[in-house]
Amino acid sequence: MPNLDLLRQIESAVLSCVSSDAQRRQQAYDYVEKIKSDPNQSLSIGFDFFDKSQTFDPLVKHFGLQCIEETIKYKWTALDSQLKVSIKERLWLLMNEQDQLPTHLKTILVRCVCEIAKREWPQQWPSFLDELVSLSKTNSTNEYSLLILAYLIEDVIVLQTLNQIRKRDIQTTLLQHGNKLLEFIEYFLDLPNTISSSLYALTMFATFLPIDLFFSTKIIDKIVLLLNSSTHRMKAAEFLSVISDRRGKYEERLPLLQLYPYLFQSGSQYNDLFSAIQVKQPYETYDFMKQYAMVITALCEQLCYLCGGEDTNKKTPLPEQFSNGVFLQVLIALMQHPSIYISLYGYQMWLQLLKANIFQENDYKNISPIVLRALCHSLVKQPYKQIDQEQEIASYYIRYDYEDESDYQKFIGKNRTILIRSIDNVCKNNDQLAIAIRIGFDYADYCFQPANLTNLLLFESLIAYWQIIERHSRALLTPREVFNHLNILSDADQLAFCQRGQTLIQQLLSINDHENLDFVAYSLRLLTCLYVFTRGEQSWTQRILEHLFRVLTTERNLGSQMSPLQKQASCLIDLCLNYGPSIFVYFNDLFQVTQNLVQQQTAKDQSIRLAGWQWSILVECLAILLNYFQSYQQQAMYINGLVEPFAQILTQFNTNVNDIQGFIDYIGLKPTPDANSTNNQRFVLLSVHILCGLLRRIVLPTDPSICSTNGYQETFEGTVFIRNPAAPAYLQLTNCVFKLLTYCHALHAPNSPLAQGAFSFLSTMTEAEKAVYLQQENNDDYNASLATTTTATTLSENDRRLHNRFSSFLDRLQILIGTYFTLKPDLYQINDALNTIGTTLFTSLDHLPDFRVRNMIRNCFLPFVRHCPANTILIAVLEPLLPFMYTKLKDKWKIITERQTIKVTNGNTIVNNGEDHQSQDRCEEEVVEEQVTCYLTRDFIDVIRSLLTRQLNNNNLGPLATNGNDIDETSMDDTMPTDEQNATENVTRKVLPMNRNQQVPSEFGLKILQESSRICQYCLLILFDGLSWPDTSSVTKLSHICHALIKHLSVLINGNHDFLRQLYIYILCALKIHGDNEPIACILLSLAVLMYETFQQTSSNLFDSVLVEIPEVTNEQVNTYRDKMQKQVNGKALNDKQKRDILRHLVQPLMAQNVAQMFKREPLALSDLPPLIRFSKRALHPVLQYLRQSNADQDEDHGLASLFQHPDD
């Protein structure tokens, strides 16, 4: 008899576990955990809570079943066989008696049976299937059998919670009886009260049973019929999505094509749902539509694999439903659906079909115009909040699919990528390019209708469409005979398109709306996209250039606020980049007008005041066109003319400023600046931005004949270089520019006049920069909006704008200095070059905040290491830099590691941060600090790698000469700030990638390491000690370099065994930190093995002494390890994995545990069962064969057949 008082006491404790009283809740929790620790008591109370003579709360019953489940999971092997049988019987009795349990109780009851089956079946529980059949014959409880099968498959095969042997035994047995089990489930698929459970069980079986088994029954037919049922269609679609997404061999997947006749029947309601685009479907129906769209997408992928392969022997005919257009109608309906979530599935299928070349030519011609029109509509960025009635349906679905606007914006970027690829794939086909162009003009006509002129979202999508078309239409500017030979467009299409294009250009040239600058800005971008249809005619080119020049510069005065024109101003740069030969004709006119305009801007009387981005656009365009000159002297002359106005500004600064206080006064860093200092600040900042943009746009020639005959080549220390034509003009400003950076860095010194003053915020990170480090978003629009909304609460509006301007200016100044280092050999030939470079790079470097040190590393030191041709200068700079960075990084990572340290005490985690650190502001600062340290480390690793991979004769001849300035690839027009613009590009800028095939170390890198023992020492310290820093990306980079350097250590360390021993210790220390990260641990083990083998003959005893110091490692184990490393298997040396495993076994006490191991409660109770005899998949299991022989009657199918007999038989 159950102890009722004990049960009521446990019931009270369980209910107290959800109490609001913390102390009472903790006491109750401790009590119930103590109850669960006794397996016998857990089992007893678990079943006693279901005594029919007593009533208990459902939560308490759930606790009782949980006690039973955990006892089976963790104590099963410790139970005696009689108790195991008793547990099975009592569970079966519960399922027979408790027929009206709530779903959550029914679920855990079923899982208790599954846990036993995972440990016993089939070897120790051969009657399991018989008992399921018997259980299913009870009408009120027949759902249990289906759920047991479903949960068992989910745990064992889908989630793979068992080891491979047990999984194989259970899966093999299920495969043996696949046919009978499907017949068993099919029977219940016809019973109304078990349809849901049957579908769930079938979904689990669909993950592994052979696909053709499902088509050998009527299961597919019945499930497709259920798609019309509002109650069961969701689960039916889930089954179809699982089976449609199966992978395997060609023959195994071939039966999936049989789904096409089932699903794509004319008049099917589930397909017609997608065509009702003007109806807001209920959310329940909409969820089904999304699930069913997944089914169609998976089937389309199978179709492409089975019918679109290149192997003719594995290429089956297309289903009739595809050939007769039924499937294509559904595809079009998906793409035209107002839900961007559903339409994305349609475009994914479109790309798959194009890639597989499935379409017949006629079908492709018929469907591509419809698809392109749908794409034009889908390119419109629907707002998260409804603006007008036309967006009602789209907004209805958007608000349901996405939690907030930021979530929606993240999806939009991925969605637009798919849309652009879809249009791009159509345009690659010459036959379809004409259709795409024609639809583009039709869409433009639609957008320019009077009713649509105020809808800027339409114009944004129009521009996105035409930007794709323009890339494929540039051949129109080639000579006519060449273009005709390419067979891109017919003569009639060429004429028609050029006429329509020129008509639209004429319309765009007439737009001059002073009120709606957004509309004007979009018209400028569209104008440059349509330029190809002018065929490069000079009359059109001149009109377009005049219009762009006038609108972007002199037509109107733009305030300090960011103008819509600024966002599209790069269209003028794109025009010069894409159609340079046609624009180059007007270079002299553009040069003269720009020069006059810039000179007028520097004068005191200004009729029109240009913003910084306007200056930058004009100068950069001319710099791009300058690359078409083929004479060094000619280019240098024009560049000097462009630089001259800004040279005057910087020369004036150099003359008037001689100390830090003079610098502060000159640029007006004071509470009440006068007009002169305000102008000085504006001109100095803009000069740096423009000079940087101009220099980075200069491209060095690659043709050897041009370089050798037109004055580009110069020899320096025996190496031939291609001189940059900008060098003469820029070298005159070297002292001014380098001095400017020196003073900017000096502002950060503790004794600086600004350090403790009102402008100390200039040395901190702007809110925009901080937001980028926190979010790490690459979406420019998102960053821009974030920057304007996350403003510092302690700064006034003027201070915030000054903060943004100064931060952007300093970043651009560092980039300009870095670009100076590419002016080789000219820069390195000036008088006292080492002193000039060293003073600039190291002044106040130790006082800079970490995020600005990072900018210096990536913007200045990295290009210096890549380009410096003088080894003496290079060594002189690196010798103080490496110790400085090693100390800084080691200290920063020590702080971060201590902060992240976790102490585990009785299963509870205690973080070492005090309560003060739990505030939101403090947490945010710590996150930013860790992010900056991570990126600073990675960037400095790039510096070391650049040094070690640099070639001996590092000139700028060859392919790299196409871009001599490898600082970054950010367009200057996008980063030229106004008063409201931020400097977020500093964080997200991409550095040119290193070639992974470069030798490490190169001959040059090895030479530098050998010439300077200081550089060698600190390089090795950073590389090996850095392996312990908790940043996976940094460790991966460092390990690759360390692996390459180990074989050179004997030459580099000159017999310093103590240093070698320390490097080995660093690797072992890294294992202690990263032992919980399996990929990193494998890399570190490989490093340790490689070092041990490399120095085995000379220093193995040295390493053995280190291994002995590991806790729990004995001399005998170390000797065994040494012997095993020298052992051979079958005459072959051990492979890398075997060597790693041997070392892992030795150093296991040292390696950290992963999170799962740290908090693992106890091992699951799983015992090894007798192995199954290998047998054919078509043969019965040996246990079942024995039962079949002993029972010659209807037991041969485990009682499955008897289930379908009439009760009276």
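The following paragraphs walk through aromatic contacts, a surface patch and a long-range approach in this structure, which is a predicted model.

Aromatic rings offer a convenient way in, since the structure holds 69 aromatic pairs. A pair of aromatic rings is described by the distance of the centres and the angle of the planes. For Tyr283 and Tyr396 the ring centres lie 4.8 Å apart and the planes meet at 15 degrees, so this pair counts as stacked, the limit for stacking being planes under 30 degrees apart. Tyr283 belongs to helix H18, which covers residues 283-307, and Tyr396 to helix H23, which covers residues 392-401, so that the contact links distant parts of the chain, 113 residues apart. The two partners can also be described by their accessibility: Tyr283, at 33% relative accessibility, counts as partly exposed, whereas Tyr396 is buried, because its relative accessible area is 14% and the cut-off for burial is under 20%.

A further pair has another geometry, for Tyr632 and Tyr712 are edge-to-face, with 5.7 Å from centre to centre and 85 degrees between the planes. This pair, too, links distant parts of the chain, 80 residues apart, with Tyr632 in helix H36 (residues 632-656) and Tyr712 in the loop between helix H39 (704-709) and strand E1 (713-716). Both Tyr632 and Tyr712 are buried.

Ring pairs can also join into a cluster, as they do for Tyr260, Phe264, Phe322, Phe327, Trp350, Phe359 and Tyr364. Aromatic rings are met by charged groups as well: the charged end of Lys88 sits over the ring of Trp125, at 4.6 Å from the centre of that ring, and the charged end of Lys290 sits over the ring of Tyr341, at 4.9 Å from its centre.

Turning to the surface, Leu15, Val18 and Leu59 make a nonpolar patch of about 250 Å². Of these residues, Leu15 is found in helix H1, which spans residues 4-16, and it counts as partly exposed because its relative accessibility is 35%, a value that can be set against the requirement of over 30% relative accessible area for residues that make up a patch.

A glycine gives the last stop on this route. Gly612 lies in helix H35, which runs over residues 612-626, and is buried, as its relative accessible area of 7% shows. Although Gly612 and His689 are 77 residues apart in sequence, their C-alpha atoms are 8.2 Å apart in space.

Technical notes: Residues numbered from 1 in each chain as written. Predicted model: local features only at pLDDT ≥ 70, side-chain atom pairs only at ≥ 80, totals over all residues. Heavy atoms only, no water. Patch = residues over 30% accessible without salt bridge, like charges linked within 9 Å, V, L, I, M, F, W, Y side chains within 5 Å. Areas by Shrake-Rupley, 256 points an atom, 1.4 Å probe, with all protein chains shown as cover. Salt bridge = Lys/Arg side-chain N within 4 Å of Asp/Glu carboxyl O. Helix = DSSP H or I, 4+ residues; strand = E, 2+ residues; numbered from the N terminus. Buried < 20%, exposed > 50% of the residue type's maximum accessible area, 1.4 Å probe, protein only. Phe/Tyr/Trp six-rings, centres within 6.5 Å; stacked < 30°, edge-to-face > 60°. Lys NZ or Arg CZ within 6 Å of the ring centre and 35° of its normal.
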